[in-house]
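Here are a few exercises to work through with the model open beside you. Take each task first, then follow the solution step by step.

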Amino acid sequence: MITLYTASAPNGRKASIALEELGLEYRVEALTLDGAQFEPEFLALNPNNKIPVIDDDGQVIWESGAILLHLAERYDGDGRILSKDARERMLAIQYSFFQAANLGPALGRLGQALRKEGEKNQEMIEIFSKEATRLLGALESILGDGRAFLAGPYSIADIMHYPWLSIVQNLKFPALMEREHVVAWIDRIGERPAVQRGMAVPK
Ligand SMILES: N[C@@H](CCC(=O)N[C@@H](CS)C(=O)NCC(=O)O)C(=O)O
């Protein structure tokens, strides 16, 4: 049995989308991230106090990219989220690392700076808006060659990016709205029924 520890937050939705794409049964433990992530029971699962975490028959995994790779390696016999072709597989891993190391932290810090109560740190907002804009430009150029998905076939690379970029689209972030290839990609991924189910977790 798989238990997913998650919250109403984009990194958790990467895991629920992958679980839905693979048609796996799983139990959801929803955290509110208002302190529950610092409780000893949760820190025993992830000392880094962040969701998502999965417990797959006693094997505990954290970091969204590692969770997606685990699910693909253990349950994806027919390459639904990770191609069996070695080059496509490595491309999917490359773009997954790219998301976890770049867009995730930039948008996460930007969100924190914008949500801060009281006087906002304009320097932080400017630094991370600029970085998010730069990364959207890189994605626009990658998708500009006409590919439908980031790494050839649909993959964990698309799943890693989608929950974050859908937030940016909902906010109508100006630097996104002019990136037509990225916007078309967001719409394409968002049409997938498994993505819609995964995005609705936790209920
Ligand atoms: N690199 C991690 C980032 C996970 C992450 O930042 N999770 C956020 C929610 S989207 C969280 O749990 N924040 C709680 C905290 O920082 O205390 C991953 O990809 O899994």
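**Exercise 1.** Where is the place of Asn 49?

*Solution.* In this predicted model, Asn 49 sits in the loop between α2 and β3. Next, look at its backbone: phi is positive, about 45°, although Asn 49 is not a glycine. Most residues other than glycine have a negative phi, and most peptide bonds are trans. Now move along to Pro 52, which is found in the loop between α2 (40-45) and β3 (53-56). Ile 51 and Pro 52 are joined by a cis peptide bond, with omega about 5°.

**Exercise 2.** Find which atoms of Ile 51, Glu 63 and Ser 64 lie close to polar atoms of the ligand.

*Solution.* Start with the surroundings: the residues around the ligand include Asn 49, Ile 51, Pro 52, Glu 63 and Ser 64. For Ile 51, a backbone N or O atom lies 2.9 Å from a ligand nitrogen. For Glu 63, a side-chain N or O atom is 2.8 Å from a nitrogen atom of the ligand. For Ser 64, a polar side-chain atom lies 2.6 Å from a ligand oxygen. Finally, the ligand taken alone exposes 510 Å², and the protein buries 78% of that.

**Exercise 3.** Work out how helices α1 and α3 pack.

*Solution.* Helix α1 (residues 10-21) and helix α3 (residues 64-75) meet at an angle of about 5°, their axes 9 Å apart. Angles under 35 degrees count as roughly parallel, so α1 is roughly parallel to α3. From α1, Asn 11, Lys 14, Ala 15, Ala 18 and Leu 19 make the contact, and from α3, Ser 64, Ile 67, Leu 68 and Leu 71. Sorted by type, the residues of this contact are six nonpolar, two polar and one charged.

Definitions and conventions. Residues are numbered from 1 along each chain as its sequence is written. This is a predicted model: local features need pLDDT of at least 70, side-chain atom pairs count only at pLDDT 80 or more; totals for chains, interfaces and linings use all residues. Side-chain values use heavy atoms; hydrogens and water are left out. Axes are lines fitted to C-alpha atoms, for helices over the stretch in contact, and angles run from 0 to 180 degrees between N-to-C directions. Helices (H or I, at least four residues) and strands (E, at least two) are DSSP runs, numbered from the N terminus. Angles under 35 degrees count as roughly parallel, over 145 as roughly antiparallel, 65 to 115 as roughly perpendicular and the rest as oblique. Contact means heavy atoms within 4.5 Å. Ala, Val, Leu, Ile, Met, Phe, Trp, Tyr, Cys and Pro count as nonpolar, Asp, Glu, Lys and Arg as charged, and the others, Gly among them, as polar. A residue is near a molecule or strand if one of its heavy atoms lies within 4 Å of it. A polar contact is a pair of N or O atoms within 3.5 Å; within protein, one must be able to donate a hydrogen and the other to accept it, and residues adjacent in sequence count only if both atoms are side-chain atoms. Accessible areas come from the Shrake-Rupley method with a 1.4 Å probe; for residues, only the protein chains shown count as cover.
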